[in-house]
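Please open the model in a viewer and keep the sequence panel visible. The tour below proceeds by selection, with a short account of what each selection shows.

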Amino acid sequence: MDDMALGWWGVPLAVLAGAIRVSTPFLFVSLGECLTETGGRVNLGLEGTLVMGAMSGFGIAYLTGSPWLGVLVAGLVGAMLGAVHASLCALPRVNDIALGIAMLMLGTGLAFFLGKPLIQPEAPPLPALDLGWWSDTEQIRSALRVNALFFVGALLAPVLLWALRNTRWGLILRMVGDSAETARAIGYSPDRVRLYATAAGGFLAGVGGSFLSLSYPGSWNEGLSSGQGITAVALVIFARWNPLKCFWASLLFGGASALGPALQSVGVTQGYHLFNAAPYVLTLAIMVMTSTARGKMAGAPGELSVSR
Amino acid sequence: MSDITRISRRALLKGAAVGAFGLAAPGLSSAFAAGALTVGFVYVGSRDDYGYNQAHAAGASAVKAMGGVKVLEEERVPETIEVQKTLESMIALDGAGLLFPTSFGYYDPHVLKMAAKHKKTTFMHAGGLWSEGHPDNAHSYFGYIDEAQHLSGIVAAHVTKSKKLGFIAAKPIPQVLRNINAFALGARSVDPSITVQVVFTGDWSMPVKEAEATNSLIDQGVDVVTCHVDSPKVIVTTAEGRGIFTCGYHASQASLAPKGYLTGAEWNWESLYPSFVTKVLAGETIPHIVRGGLKAGVVKRSPYGAAVPEAARKRADSVFDAFMTKDYAIFTGPIRDNKGNSVIAAGAAQGQTDIALEKMNYLVEGVVGSLA
């Protein structure tokens, strides 16, 4: 009996495993939003994009039998929603935040409507890599069965950071985000650059959504996202518009959301409401600790409506 | 400025009243012209969720199969003013004479308001909330599903090797606690060394948290898990994926876990709902509170899965027979809570219908968990 139970070791293990399992959607959405916001726009609609990606990815995987095709279509649907957001924002006197909320409702509503026949079926899941082969403990093996999309996201974060800092298009995007006037003077159209950035951001958010329905928890239903898209948008501010920090922030959030169930399962049952709220408590705590009067918006793109 | 708002508000009210009358008038005529009974079902979620709503939708299809009745269904109606709008339109536009607002939170104040307003329409609400002074055309029904949970506990106890069972629950309300306790008492009646580990997720539908809870429980050595959440799908598929056993809830999830599904506690609305419709059609009065367990056929259990050993089937079947014939009481003393206090004294028994069970605020000995 005792050899099967991990006891207190189960908590750090669950937090680690949870960090890997739960963080992937946060990671993709926050990387996407990071791109969009670097170009000077906020797309709050990514929650809707996430749900839409989850639905369409699941649907395509179910119909074709190929989960990777599902991921691709989820991304394309996300890119389309992003492009709609960007094109409407390009019209005069359109507020990106208000439009984002409209897009959020459109995305979730559309996904619920189109996803009705998809609640019962089961789609082929995305493959997972077995990194725990060295261990004899079933719990460690299962914790280290890491989904392939997690690695894609983990690789993407440093690549994006590098690209934003060192490539020509990274420079253009940052310039558009910091001063649209300058970009215009040099001859770049801020609207077009933002269209690409928002569509790319939507693509990543859609892919993040497909992780929810095709890997963990691995089925389509209407309560699937429970606000993870919005949380991920907030993560970007917390990560100071740095893709690599988005990665760490997503891991932190994933781990924190695993804390509540993990503590209850080892018998720490008092105050589970507080532990279940751990991700939010954590955000508040870190926000309070890291904000100073002087540098509160350090790193924020100058064109962002929140910093303008 | 204030004058303008006052006038427009008054105009708006007038307009609304005219509009409502316009909607109601053709509705009434169609209701009486059609002759056949129109029955409306309102669900809080999606009706094929492998859970709470699917169980009600199964009842709705049984009503549909009766013939001579028209069935309306609406999904994803939140427990807000929205449900009043849905009910209103089912009555006014479609002439519904019998309504099933199935979610627990619909009752107060929404069903109460609508029932007071539409006295000719019969309202059937799942949850047992009717009390003296509520409208005469409102009714409550509920099932003692803890009896089926008790049987699941007995079966789980025979299958577990680690002697640790898991229970993933949404909120610590009396109905949920009753299920947890009945499950634990069933398991511990087979082997008193068994413990039941509870994880509260905080809400009725939290797919990611439910999956996390299942994984954490399995990491702690739990090898049979059951639940009380709206849709057990995620829990059952996660458990099956990790190779442990499950007992279902609300509806049968057997098809999701061909290897690990043992049995489950299910609603039997498909037998209850047609009986209500028959009564309404015959003009008979339905009692304000309809309740029953296995014996009354309001709840049922899933057929045993392949993994259930012969001894478990025998033991569970004999307790099932005791429910059917001898009014077997699950909550028979001495019962202590998990803090060591005596909650039901030795020699005392709280039977199926005992009102004390509906105020349950403890977890029995052997359950690891707390209410706050």
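Begin with Pro109(B), which is found in helix 4 (residues 107-117) of chain B. The model is a predicted one. Select Asp108(B) together with Pro109(B): the peptide bond that joins them is cis, with omega at about 5 degrees. Most peptide bonds are trans, and most residues other than glycine have a negative phi.

**Further backbone exceptions in chain B**

Move next to Gly333(B) and Pro334(B), whose connecting peptide bond is also cis, with omega near 0 degrees. Pro334(B) belongs to the loop between strand 13 (331-332) and strand 14 (335-336) of chain B.

Now select Arg76(B), in the loop between strand 2 and helix 3 of chain B. Arg76(B) is not a glycine, yet its phi is positive, at about 50 degrees. With a relative accessible area of 34%, Arg76(B) is partly exposed.

Lys163(B) can be examined in the same manner. Its place is the loop between helix 5 (146-159) and strand 6 (164-169) of chain B, and its phi is positive, near 65 degrees. Lys163(B) has 25% relative accessibility and therefore counts as partly exposed.

**The parallel sheet of chain B**

Display chain B as a cartoon and select strands 2, 1, 3, 4, 5 and 11, named here in their order across an open sheet of six strands with parallel pairing. Which strands stand at the edges? They are strand 2 (69-74) and strand 11 (289-292) of chain B; each has a single partner strand, so one side of each lacks a neighbour in the sheet. On average, and with direction ignored, neighbouring strands of this sheet are turned by 15 degrees against each other.

Within the sheet, select strand 3 (residues 98-101) and strand 4 (residues 122-126) of chain B, which pair in the parallel sense over two bridges. Leu98(B) has Thr122(B), in strand 4 of chain B, as its bridge partner.

Then proceed to strand 11 of chain B, which runs parallel to strand 5 of chain B and is joined to it by four bridges. Gly143(B) has Gly292(B), in strand 11 of chain B, as its bridge partner. Colouring strand 11 of chain B by accessibility separates a covered face, Val290(B) and Gly292(B), from an uncovered one, Ile289(B) and Arg291(B).

Add helix 3 (residues 81-92) of chain B to the selection. This helix lies across strand 1 (37-42), strand 2, strand 3 and strand 4 of chain B, and runs at about 165 degrees to strand 1 of chain B.

**Aromatic residues**

A search of the whole structure finds 20 aromatic pairs over all chains. For one of them, select Tyr141(B) and Tyr273(B): the ring centres are 5.6 Å apart and the planes stand at 80 degrees, so the pair is edge-to-face. The two residues are 132 residues apart and link distant parts of the chain, with Tyr141(B) in strand 5 (residues 138-143) and Tyr273(B) in helix 9 (residues 269-282) of chain B. Tyr141(B) is buried, with a relative accessible area of 0%, and Tyr273(B) is likewise buried, at 0%.

Extend the selection to the aromatic cluster that contains both tyrosines; its members include Phe41(B), Phe100(B), Phe142(B), Trp267(B), Trp269(B) and Phe276(B). Elsewhere, select Arg301(B), which lies over the face of Phe320(B) at 4.0 Å from the ring centre.

**The nonpolar cores**

In soluble globular proteins, nonpolar side chains tend to be buried together. The largest nonpolar core here has 86 residues, and Tyr141(B), Ile180(B) and Phe331(B) have the most contacts inside it. Helix 6 (residues 174-190) of chain B supplies the largest share of this core, eight residues. A second, separate core of 72 residues includes Leu44(A), Met52(A), Leu251(A) and Ile286(A).

Centre the view on Phe331(B). Among the residues that Phe331(B) touches, not counting those up to four places away in sequence, are Arg178(B), Ala182(B), Leu185(B), Ile344(B), Leu357(B), Met360(B) and Tyr362(B).

**A covered helix in chain A**

Finish at helix 10 (residues 228-238) of chain A, where eight of the eleven residues are buried. Among the buried residues are Gln228(A), Thr231(A), Val233(A), Leu235(A), Val236(A) and Phe238(A). The last selection is Arg240(A), which follows helix 10 of chain A and has a positive phi, near 55 degrees.

Key:
Residues numbered from 1 in each chain as written. Chains lettered and ligands numbered in written order. Predicted model: local features only at pLDDT ≥ 70, side-chain atom pairs only at ≥ 80, totals over all residues. Heavy atoms only, no water. Core = buried A, V, L, I, M, F, W, Y, C linked by side-chain atoms within 4.5 Å. Buried < 20%, exposed > 50% of the residue type's maximum accessible area, 1.4 Å probe, protein only. Contact = heavy atoms within 4.5 Å. Phe/Tyr/Trp six-rings, centres within 6.5 Å; stacked < 30°, edge-to-face > 60°. Lys NZ or Arg CZ within 6 Å of the ring centre and 35° of its normal. Pairing = 2+ DSSP bridges. Axes fitted to C-alpha atoms, helices over the stretch in contact; angles between N-to-C directions.
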